[in-house]
Amino acid sequence: MGSKQSAKGSRFEYKIRDMLTEKTGVKWDRVPLSGAGTMKGDLYCLTNHYYYCFECKSFKDTVIQENLLSAKSNNIFSWWEQTLREAKEMNRKPALVFKKDRGKPIIAVEEDIEGINKFSITAFGMEGVNLYLFTDWLAVKKVEEIILV
């Protein structure tokens with residue numbers, strides 16, 4: 001990954017980190033070594049037990065929209081596989097947060113939340129996964145559903 005892409009990914013992780021910190025009232029940070037050590041995912045809570053393994057992806061092209069029905073040429077499916085694998089290793093719920101350049105962050109989770117807009121995926125290993133705007137998801141989540149208080 002080039003330095004511009006790496007910096008873009010870091011900025012996105014910082015943005016999501018700050019939103020989680022604001023929501024929960026406790027400090028979140030980026031996982032050291034980008035999950036290459038024993039800790040997996042991209043973000044973790046420094047002081048409290050947390051329930052989600054957050055994997056963050058920022059991308060330039062529109063492969064998700066243009067190839068939504070083709071699992072072979074769509075990053076979201078490989079990102080979800082990575083998120084599932086890392087969440088399992090950490091004994092946490094998988095949460096993939098992604099956005100296109102200049103787009104709004106979207107979260108993919110295995111939960112069905114009533115009252116907010118969602119997009120459901122029922123194919124390619126993502127059965128039961130729903131996509132929400134991250135801000136909408138965060139707004140309806142109780143703090144105790146994200147961290148142990």
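**Two nonpolar cores and a covered strand**

The largest nonpolar core has 27 residues, and those with the most contacts inside it are Ile16, Leu20, Trp28, Phe54, Ile107, Phe134 and Trp137. A nonpolar core is a set of buried Ala, Val, Leu, Ile, Met, Phe, Trp, Tyr and Cys residues joined through side-chain atoms within 4.5 Å. Buried means under 20% relative accessible area, with a 1.4 Å probe and protein chains only. This is a predicted model, in which local features need pLDDT of at least 70 and side-chain atom pairs count only at pLDDT 80 or more, while totals for chains, interfaces and linings use all residues. Residues are numbered from 1 along each chain as its sequence is written, and side-chain values use heavy atoms, leaving out hydrogens and water.

**The cores**
- Helix H1 (3-24) gives the largest share of the 27-residue core, four residues; helices (H or I) are DSSP runs of at least four residues and strands (E) of at least two, numbered from the N terminus.
- Phe54 is in contact (heavy atoms within 4.5 Å) with residues including Leu20, Trp28, Ile107, Phe134 and Trp137, leaving aside neighbours within four places in sequence.
- A second, separate core of twelve residues includes Phe59, Phe98, Ile121 and Val129.

**Strand E3 (residues 52-59)**
- Eight of the eight residues of E3 are buried.
- One side carries Tyr52, Phe54, Cys56 and Ser58, and the other Cys53, Glu55, Lys57 and Phe59.
- E3 pairs with strand E4 (residues 93-100) in the parallel sense over eight bridges; pairing requires at least two DSSP bridges.

**Valine 129**
- Valine 129 lies in strand E7 (residues 129-133) and is buried, at 1% relative accessible area.

Notes: Buried < 20%, exposed > 50% of the residue type's maximum accessible area, 1.4 Å probe, protein only.
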